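Reader: I am a first-year student, and I would like a close look at one part of this protein. Please take me through the open sheet, and then through the empty spaces in the model.

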Amino acid sequence: MRVERGPLAGTLLFIPTPHRDERGLFTRTFDAAIAREHGLDPAAFVQDSQSRTATGVIRAMHGRSGRGEAKLVRCARGAVFDVLVDARPASPTFGEQMTVTLDDETFAHLYVPPGLLHGYQALSEADVCYRIDREHDPAEDISVRYDDPDLAIAWPLPVTTISARDLAAGSWKEAQRLLQP
């Protein structure tokens with residue numbers, strides 16, 4: 001498994017090495033020892049979740065206030081255009097974006113440190129798996145509209161569906177006020 005540092009402070013991309021033969025493939029999607037080598041405590045992840053999303057749907061841009069939450073994100077089936085925005089006011093990459101395609105060909109895991117906004121658009125019908133280090137507390141939810149002009153995220157496909165919750169999300173400017181210490 002290869003590990004690459006992402007352009008946003010603290011982000012990591014874990015890229016497995018699938019073994020392919022006439023039967024198909026086998027790959028290790030998580031390795032606790034490799035995670036530890038890169039500063040992550042594998043035992044800290046307390047919840048696994050999975051979503052299934054239709055092509056063109058956007059699930060975005062979600063984060064948590066307070067301590068935030070760390071997560072490992074991977075696409076188990078299909079492909080997604082994954083977007084992170086650094087929402088940590090003290091971070092050297094505050095306000096910057098990172099995008100990566102996660103799919104069922106490379107099996108890459110994206111490590112998202114606490115304090116980042118996260119969202120994605122399904123490039124095909126896709127199953128996305130999350131390994132999260134905290135139980136969900138709805139009182140800490142923060143969301144920013146997927147089409148906020150200050151973020152100007154370049155989504156690759158026409159948008160097919162957005163949830164009512166995501167349509168009601170606030171602006172990047174409002175989120176910045178909530179995140180100030």
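Author: Here is a walk along the sheet, followed by the pockets, the cavities and the cysteines.

This is a predicted model, so some limits apply: local features need pLDDT of at least 70, side-chain atom pairs count only at pLDDT 80 or more, and totals for chains, interfaces and linings use all residues. Residues are numbered from 1 along each chain as its sequence is written, and side-chain values use heavy atoms, with hydrogens and water left out.

Start with the sheet. Six strands make up an open sheet, in the order β1-β2-β10-β7-β12-β5. Their pairing is antiparallel. Strands here are DSSP runs of E with at least two residues, helices are runs of H or I with at least four, and both are numbered from the N terminus. Two strands count as paired if DSSP finds at least two bridges between them. In general, strands of a sheet pair through backbone hydrogen bonds, either parallel or antiparallel.

Which strands stand at the edges? They are β1 (2–5) and β5 (47–53). Each has a single partner strand, so one side of each is left without a neighbour in the sheet. From one strand to the next, the twist averages 20°. Such angles run from 0 to 180 degrees between N-to-C directions, with axes fitted as lines to C-alpha atoms (for helices, over the stretch in contact).

Now go strand by strand. β1 and β2 run antiparallel and are joined by four bridges. R2 has I15 of β2 as its bridge partner. The two strands form a hairpin, with six residues between them. In that turn, G10 has a positive phi of about 85°.

Next comes β10. Strand β2 (residues 12–15) pairs with strand β10 (residues 109–112) over three bridges, in the antiparallel sense. L12 is bridged to Y111, and F14 is bridged to H109. On its other pairing, β10 is joined to strand β7 (residues 71–77) by four bridges, again antiparallel. There, K71 has V112 as its partner.

Is β10 covered on one face or both? Both faces are covered: H109 and Y111 lie on one side, L110 and V112 on the other, and all are buried. Buried means under 20% relative accessible area; exposed means over 50%, and partly exposed lies in between (1.4 Å probe, protein chains only).

Now the empty spaces. Rolling a probe the size of a water molecule over the atoms shows where empty space is left. The search uses a 1 Å grid over the protein atoms alone: a cavity is a set of points where a 1.4 Å probe fits but cannot get out, a pocket is an open set with protein on both sides within 12 Å along at least five of seven lines, and lining residues have an atom within 4 Å of a point. A volume is the space filled by probe spheres set on the points, which are joined across faces, edges and corners.

The largest pocket holds about 510 Å³. Its lining has 24 residues, and H62, E69, K71, Y130 and R165 are the closest to its centre. β6 gives the largest share of this lining, five residues. By class, the lining has six nonpolar, eleven polar and seven charged residues. Here Ala, Val, Leu, Ile, Met, Phe, Trp, Tyr, Cys and Pro count as nonpolar, Asp, Glu, Lys and Arg as charged, and the others, Gly among them, as polar.

How many cavities of 30 Å³ or more are there? The count is two. The largest cavity has a volume of about 60 Å³. Its lining includes K71 and V112, the bridged pair between β7 and β10. H62 and E69 also line this cavity. β6 supplies three residues, the largest share.

The second largest cavity has a volume of about 40 Å³. Among its lining residues are F14 and H109, another bridged pair. This lining divides into five nonpolar, two polar and one charged.

Last, the cysteines. The whole structure has zero disulfides (pairs of cysteine sulfur atoms within 2.5 Å). For C75, the nearest cysteine sulfur is that of C129, 8.0 Å away. C75 is buried, at 1% relative accessibility. C129 is buried too, with a relative accessible area of 14%.
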